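Me: I would like to go through the interior of this protein with you. Could we start once the structure is on screen?

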Amino acid sequence: MPAPAQLISTAIAVPDNILLQSDVAAAAGDIFGPRFREFDRMAKVFDSAGIHKRHAARPIDWFRQPRSWPERTAVYLEVASALFVSAARQALDEAGLLPTDIDTVVTVSSTGIATPSIEARVSGTLGFRPDIERVPVFGLGCAGGVSGFSIGARLAQARPGTNVLVVAVELCTLAFRLDEMTKANVVATALFGDGAAACILRAGEGGLATVEAAGQHTWPDTLDIMGWSVDPQGFGVIFDRSIPPFAEAEMGPAVDGILQRNNLTRSQVDRFICHPGGAKVVEALEHALDLGQGALDVERDVLRDYGNMSAPTVLFVLDRIRRAGLPNRSVLAAMGPGFSVSCVSLVAAA
């Protein structure tokens, strides 16, 4: 059997612009209040989301004006590239590696279109080798951090000794729409922020943790729960209010199935490291996985400080937990478009 992949380092990066939730709520009231009669009833979501602040690609006043798809894309290319470089450099420094030591790079992003993809655009800046293998991954949404991690681990295991850099970068705020008077748009305005996370994986000896197992589950006939719609203005959020009750009802059996396929049970997991999609989702996950109220405390802290950044968010939780000390066995878990859940099991280094 080939040697399992090892987690070597983790890192995070955010834009400089900070959006306080109170300021976002006030701006949303100015924008939606006069035109959306249900806004006043929905405004409580800004208080109940469990978010104090977020980081954004642009200052708050930038979002008060209509923005075209080309404008949004230009910002995506600029800021996503900068965040990629920042997160990657930190992960490399912590691992004691140079950019020329990286053999494969996996880029996870679903909030913008880039062809050439982001890792190609920053290759010269970072100093990657010309023969680096590039694996851009699009469309996984909030599950992308865990799925991208899993892809990186498999690529590392396939070629022992090679270094795989995984970077998840999302600019969710660029999907904010002035023209959509919908509940989903208001909820997205209350939840989403921007950020990037990176990790390095390598098969062989040493590392912070061993990647023990991975798996996914996709529920049939659930395409309309989460995703993007596309029109001349760009992406529009599809965000069903049924996500928390769906998670509470369905996550337990799905996670159990993934674990069982890898000869594990939930009782063997010391810590679930979950994507904090929102305060209600975190609470639903605690119920679904029988964790007890408040068990996902770091998830709530990350949500409070950064909001829901889609794919990188679970890696922010991993970064915070591993710096405090990983438990013996932890399982990364995140739900995303499909509708699906992705899991990765980690065993901490002795």
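The exchange below covers nonpolar cores, cavities and cysteines.

Me: What kind of model is this, and how are residues numbered?
Reply: It is a predicted model, in which local features need pLDDT of at least 70, side-chain atom pairs count only at pLDDT 80 or more, and totals for chains, interfaces and linings use all residues. Residues are numbered from 1 along each chain as its sequence is written, and side-chain values use heavy atoms, with hydrogens and water left out.

Me: Which residues touch the most other members of the largest nonpolar core?
Reply: They are Phe84, Leu165, Phe239 and Met251, in a core of 89 residues. Helix α4 (residues 69-95) contributes the most, 11 residues. A nonpolar core here is a set of buried Ala, Val, Leu, Ile, Met, Phe, Trp, Tyr and Cys residues joined through side-chain atoms within 4.5 Å; buried means under 20% relative accessible area, with a 1.4 Å probe and protein chains only. Helices (H or I, at least four residues) and strands (E, at least two) are DSSP runs, numbered from the N terminus.

Me: What does Met251 touch?
Reply: Leaving out residues up to four places away in sequence, Met251 touches Trp219, Phe246, Leu285, Ala288, Met335 and Val341, where contact means heavy atoms within 4.5 Å.

Me: Changing topic, how many cavities of 30 Å³ or more are there?
Reply: There are 5. A cavity is a set of points on a 1 Å grid over the protein atoms alone where a 1.4 Å probe fits but cannot get out, and its lining residues have an atom within 4 Å of a point. Points are joined across faces, edges and corners, and the volume is the space filled by probe spheres set on them.

Me: What is the volume of the largest cavity, and what lines it?
Reply: The volume is about 270 Å³. Its lining has 19 residues, with Val24, Phe63, Thr173, Phe176 and Thr189 nearest the centre. α1 gives the most, 4 residues.

Me: And the second largest cavity, what is its volume?
Reply: About 130 Å³. Among the 15 lining residues, Met226, His275, Gly277, Val281 and Met335 are closest to the centre.

Me: Why is Cys172 not in a disulfide?
Reply: The closest cysteine sulfur, in Cys142, is 6.8 Å from that of Cys172, too far for a bond; a disulfide is a pair of cysteine sulfur atoms within 2.5 Å. A search of the whole structure finds 0 disulfides.

Me: Is Cys343 buried or exposed?
Reply: Cys343 is buried, at 3% relative accessibility.

Definitions and conventions
Buried means under 20% relative accessible area, exposed over 50%, partly exposed in between (1.4 Å probe, protein chains only). On a 1 Å grid over the protein atoms alone, a cavity is a set of points where a 1.4 Å probe fits but cannot get out, and a pocket is an open set with protein on both sides within 12 Å along at least five of seven lines; lining residues have an atom within 4 Å of a point.
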